[in-house]
Amino acid sequence: FERRCVGIADLRALQQAEPDAFITMNWYRLHGKYSDATWIAHFGSFLEFRRQAGLELNRHQHKLQRDIAKHASLDILEEFYDAEVLPWHQKFEQDHKGDLLNIMVCSDLHDIEVDEFCLQVFIDQCYRTQPHIIVLNGDIYDNYEFSRFSQDPRQCRPVERMNYVLERIFKPLRLACPDAQIDLIVGNHEYRILTLMANAVPSLKVILADFVGLRLKDILGLDKYRINLQAKLDLTAWKKKDIDNELKKNYKIYEGCFIACHKPLQNKDMSGTNGHHHTLEIRSFTSLTRGRCTWLQTPAMHVMGAEYIEGVDSSNMGFSQVILSKSTQEVIQIPHLVQSTWAQVNGVIYRRKK
């Protein structure tokens, strides 16, 4: 014990004599009094030797410092949400007249990865049916540049992707349905955009430089195309599980009897739809309060065999149509699949151009 204390005193004395020096193990070998074997016997590592001498933060202090830094960084996300996101959350809500409500739903377009034929069928059906509401149920954007997969720099085109959504998806939909309420429900890819914009990562600075000073509402076209943002989220979620839970909270209920969300919910009380899994599924169940209900998982609208599909690609292409009655709270969900070369929707036959 005495030698341990003397060793600590020796290391402290060396630091006091050379206040600007960072004392490494090699430096101590040249200037210290004790051999490697001596301090290893008492401290195990030179880092611990430095900790015991007070030249390094101890483990508790280091953890406290990390926690402070983590939460300080989350403050930026909260400020961004309050200033840039919250003002557009449900901003363009409409009061729909009549008993029957017509809703068109699509999800998982993934910006430039969208299947052009499928997109045109969807837009044409919106034009023909003039729905009261168009639900863009998450992952309308992809932003390959910020994904967790290995990225080919030749495919990094963030500005092109943002512009594609504005010019080829939002603009045609608004022109086709000038009076419709267009709801953009934030999915995991949009959530990623929001957090990255708040932190101003290098790739996103390219976007901001090209758009020169424009804010979130301009970059996502929220104001120009009257996009009704559904973003009931806590951007400070830290772990993947917490982020998933936040996305599950970001649902929207229509007329008290139909729910739309990007990630599937454990819902047993009303009819609804989710995206995210890119595969058409539909199930019926009985609600104690509403009777017979249906839950529909919408197919995707991206090209088949996309890079981010892991394993066997079991995706379907298509979208869905929802008719609900305000008075009876009854809901009909109609899935529409788009095949590789053709589609038949509401009696209209479409064929893909070669």
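Here are some worked exercises on the structure above, each with a step-by-step solution.

Before you start: this is a predicted model, so local features need pLDDT of at least 70, side-chain atom pairs count only at pLDDT 80 or more, and totals for chains, interfaces and linings use all residues. Residues are numbered from 1 along each chain as its sequence is written, and side-chain values use heavy atoms, with hydrogens and water left out.

**Exercise 1. Find the buried side of helix 3 (residues 36–43).**

Step 1: Pick out the buried residues. They are T38, W39 and F43. Buried here means under 20% relative accessible area, exposed means over 50%, and partly exposed is in between (1.4 Å probe, protein chains only). The helices (H or I, at least four residues) and strands (E, at least two) are DSSP runs, numbered from the N terminus.

Step 2: Check how these residues sit around the axis. T38, W39 and F43 cover an arc of only 100 degrees, so they are on the same side of helix 3. The arc is taken from the directions that run from the helix axis to the C-beta atoms.

Step 3: Turn to the opposite face. The face turned away from the buried side carries the exposed residues A37 and A41.

Step 4: Look just past the end of the helix. G44 takes a positive phi of about 80 degrees there.

**Exercise 2. Work out which non-glycine residues between strand 1 (100–106) and helix 6 (116–129) have a positive phi, and say whether they are buried or exposed.**

Step 1: Recall the background. Most residues other than glycine have a negative phi.

Step 2: Take D108, which lies in this loop. Its phi is near 55 degrees, a positive value. D108 counts as buried because its relative accessibility is 0%.

Step 3: Now H110, in the loop between strand 1 and helix 6. H110 has a positive phi of about 60 degrees although it is not a glycine. With a relative accessible area of 1%, H110 is buried.

**Exercise 3. Sort out some of the salt bridges and say what each one links.**

Step 1: Get the overall tally. Searching the whole structure turns up 17 salt bridges. Each one is a side-chain nitrogen of Lys or Arg within 4 Å of a carboxyl oxygen of Asp or Glu.

Step 2: Begin inside one helix. E48 pairs with R51, with the closest N and O atoms 3.0 Å apart. These two are three residues apart in helix 4 (residues 46–52), so about one helical turn separates them. Both E48 and R51 are buried.

Step 3: Go to a longer-range pair. E113 bridges to R161, the closest N and O atoms being 3.4 Å apart. E113 is in the loop between strand 1 and helix 6 and R161 is in helix 7 (residues 158–176), so this pair ties together parts that are 48 residues apart in sequence. E113 and R161 are both buried.

Step 4: Add the neighbours in the network. D111, E113, D142 and R161 are linked by salt bridges.

Step 5: Try D115 and R352, whose side chains meet in a salt bridge (3.1 Å, N to O). D115 lies in the loop between strand 1 and helix 6 and R352 in the segment after strand 13 (348–351), so the pair ties together parts that are 237 residues apart in sequence. D115 is buried at 7% relative accessibility, whereas R352 is partly exposed at 29%.

**Exercise 4. Locate the residues of a negative surface patch.**

Step 1: List the members. They are D75, E78, E79, D82 and D234. Patches are made of residues with over 30% relative accessible area and no salt bridge; like charges are joined within 9 Å, and nonpolar side chains (Val, Leu, Ile, Met, Phe, Trp, Tyr) within 5 Å.

Step 2: Zoom in on one member. E78 lies in helix 5 (residues 59–85), and at 41% relative accessibility E78 counts as partly exposed.

**Exercise 5. Compare sequence separation with C-alpha distance for S327 and D99.**

Step 1: Place S327. It is in the loop between strand 10 (318–325) and strand 11 (331–337), and at 56% relative accessibility S327 counts as exposed.

Step 2: Read off the separation. S327 and D99 are 228 residues apart in sequence and 6.4 Å apart in space, C-alpha to C-alpha.

Key:
Accessible areas come from the Shrake-Rupley method with a 1.4 Å probe; for residues, only the protein chains shown count as cover. Lys and Arg count as positive and Asp and Glu as negative; His and the chain ends are not counted. The place of a charge is taken as NZ of Lys, CZ of Arg, CG of Asp or CD of Glu.
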